[in-house]
Amino acid sequence: METATTANTTSFLEALQDQPSALSAHHGQQVNDARSMSALLPFPTTKSEAWKYTRTGRISNQPWRVTPAPAPDESTENRLTGLETSGRIVFINGQLSSVQLSEEARACVRIETDGNLPVRLLPQLHGDTFNEIHTGWCTSVMQVHIAEGAHLHKPLQLVHVITGTQVLAQPLLVITAAKHSVSAFAETFITAGTQDHSFTHRRLWLDIAENAHVRFDKIQSESGENFLLNREQVSLKRDARFRINTLSLNGQWIRNELSISLEGENAEAGLYGLFLPAGQQTIDNHTRVDHKAPHCESRELYKGMLRDQSTGVFNGKVFVHPDAQKTNAYQSNANILLSDDAQMYTKPELEIYADDVKCSHGTTTGQLDEAAVFYLKSRGIGEENARRLLTNAFLSDVLKEVEADALRDFVLRNLSERGLLYNEYTAAE
Amino acid sequence: MLSIKNLHASIEGKEILRGLSLEIGPGEVHAIMGPNGSGKSTLASVLAGREDYEVTDGTITLSKEGEAPIDLLSLAPEERSREGLFLAFQYPVEIPGVSNLNFLKAALAEQRKHRGLDPLTAREFLNLVNEKSRLVELDGQLANRAVNEGFSGGEKKRNEIFQMAMLEPRLAILDETDSGLDIDALRIVASGVNALRSKDRSFVVITHYQRLLEYIVPDFVHVLYKGRIVKSGGRELALELEAKGYDWIREENQPASV
Ligand SMILES: Nc1ncnc2c1ncn2[C@@H]1O[C@H](COP(=O)(O)OP(=O)(O)O)[C@@H](O)[C@H]1O
Ligand SMILES: [Mg+2]
């Protein structure tokens, strides 16, 4: 009998058969199930609504390998310097390489790396092909527990480094922020080697307990042939606060799937994003906010600036469940196409099942305002700088949400290198 | 100062300026009046270098004593500005996210670089801003807001004159800077302009109403009609136009019937 199985997963799975999963020791059954399911579930194609504009072919047809973590060297250095942190957790090729905590952090942060997940989380291991493959060949599991009442103002940096070719990196991060705690995270996906070739699927589960505050900054700046999938599930209990900035500066294929569930009264979430694809790059942001309790607020602002033949995708779902009265939900996506060949696909989806709510959403996609360019030039400002002033202005709404100077500087330097920034330096050229 | 000869310009294939000539000497104030759609803003835009317009014939030469004359049409808009040309827009553009001050700092830095000068220090710059914003009674708050964003009509026009004062051009073109202004705002704008009048600085004042010319007294008045200057005179021409309207100009310029 001809197998009806999915031709498109075969080459992906072939090279993986005998390779380990970091979940095997404690969750062997789930790993075996996931491996069986991986063989049966096809990779999503552009026929499915959720993947309409983002192709998976160049991921599915590659023989990826789980490689033992190479020893740290120049190529694996942390590239975000100058950031004052509460500690650094470094993953090389998806494998945990080092954990370093400040004294302050050691007192209130507990870390587990044995891959033993609480039973309540196990159902989340499964889902579509990407999740099954993740569970089947998970490369490391890291659980971070922030203690009740902890105050960790400097971010804990999560560093992801890739080196080598055909690397499959699939870390799982589980973060719990206990009641009344304050914590911050800065996660960086920065590669500089042009020869690197990898598929990273990083999953993150973040539970924010009553009255806890979490801030999360994510920088994605990938070189070479690196594919990056981030899946995040965040839940907020009563009075909890969450803020995430997703800064996608560079990367030939990036997809962020962020799902936030507001589960207790008076919880608030802010989702901000910046994406700047160029060349043939595709950057895709799928967000979902579930308002499940009354008196919660979500604010969402994503800004895209697209160059060359790049593609941008924004899909923002907001669900207001029947009990979520007095919800405030704001969503906005604004995009600028700097080239006629760039493509932006944007789709807000609001579903509201409560009647006493305030929701708004808006999307705009356009070119730089040429009347404004002319106005600036008519005052003596050169063409390039006029455009930079306008692109800066466009991006500033999101950039001002980034609190740590070192993070903002990294982003600004990156923008400057790509000719998107107006500053004293470029003015003096 | 500025010499325009036989200027023809079109937009989207439609000829708007049809052989316009005008000579402007140093320190002179020329008023240009004319019915709606006669090409006044087109002239201003072509002078400033707006790319949407195609110049099909004619020359524009900018000259200053002791310097080689400049072929204005060969310069980009920013280069024209650095050579001392300034256009106060009929409809100033709102630029959200760019602060008025950063914008002017950038403009001034590039202007000064062109003249081989270092940028002003922060203190020098702020002193200049204070001095010049007083000239047009522009609230200090406005300087900090985004360029023209949420400004009232009068504030936008005053902001144009403020920018002119900051950049100190040698030739300023004011395109209906008086339109929509109440009498107080008109006085402020006019006195700002008058304060900048000097023997080396020339003005082209485009207006619909001779009222402005009571405050900014011109040396010459021209009537622009169908893309050409059809009448020139002194100040009294403005009064005549006000009294008689533009119909007599239209009649005088009817193609002769066969
Ligand atoms: N973008 C355009 N495309 C076509 N025609 C235009 C455009 N802009 C202006 N015009 C035409 O050019 C003529 C002159 O306009 P304008 O210079 O603005 O006149 P004025 O300032 O004297 O009122 C008008 O007939 C107007 O309709
Ligand atoms: Mg006009």
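**Around ligand 1 and the magnesium ion**

Let's start with a contact: in this predicted model, an oxygen atom of ligand 1 sits 2.5 Å from an N or O atom in the side chain of Thr42(B). That is a polar contact, meaning a pair of N or O atoms within 3.5 Å. The backbone joins in too: a polar backbone atom of Gly37(B) is 2.8 Å from an oxygen atom of ligand 1, and for a backbone N or O atom of Gly39(B) the distance to a ligand 1 oxygen is 3.0 Å. On its own, ligand 1 exposes 560 Å², and the protein buries 66% of that (areas by the Shrake-Rupley method with a 1.4 Å probe).

Who else is there? The shell, with a heavy atom within 4 Å of the ligand, includes Glu12(B), Lys14(B), Pro35(B) and Lys40(B). Helix 1 of chain B gives the most, three residues (helices are DSSP runs of H or I, at least four residues; strands are E runs of at least two). By type, the shell has three nonpolar, six polar and three charged residues, with Gly counted as polar and Asp, Glu, Lys and Arg as charged.

Now the magnesium ion, ligand 2: its protein donors are Ser41(B), through OG, and Gln90(B), through OE1, at 2.1 to 2.3 Å. Donors here are N, O and S atoms within 2.8 Å of the metal (3.2 Å for Na, K and Ca), and water isn't among the atoms, so sites may look incomplete. The two donors are 49 residues apart: Ser41(B) is in helix 1, while Gln90(B) is in the loop between strand 6 (85-88) and strand 7 (95-99) of chain B.

Residues are numbered from 1 along each chain, with chains lettered from A and ligands numbered from 1 in the order written. Local features need pLDDT of at least 70, side-chain atom pairs 80 or more, while totals for chains, interfaces and linings use all residues, and side-chain values use heavy atoms, without hydrogens and water.

Notes
Polar contact = N/O pair within 3.5 Å; in protein donor to acceptor, adjacent residues only side chain to side chain.
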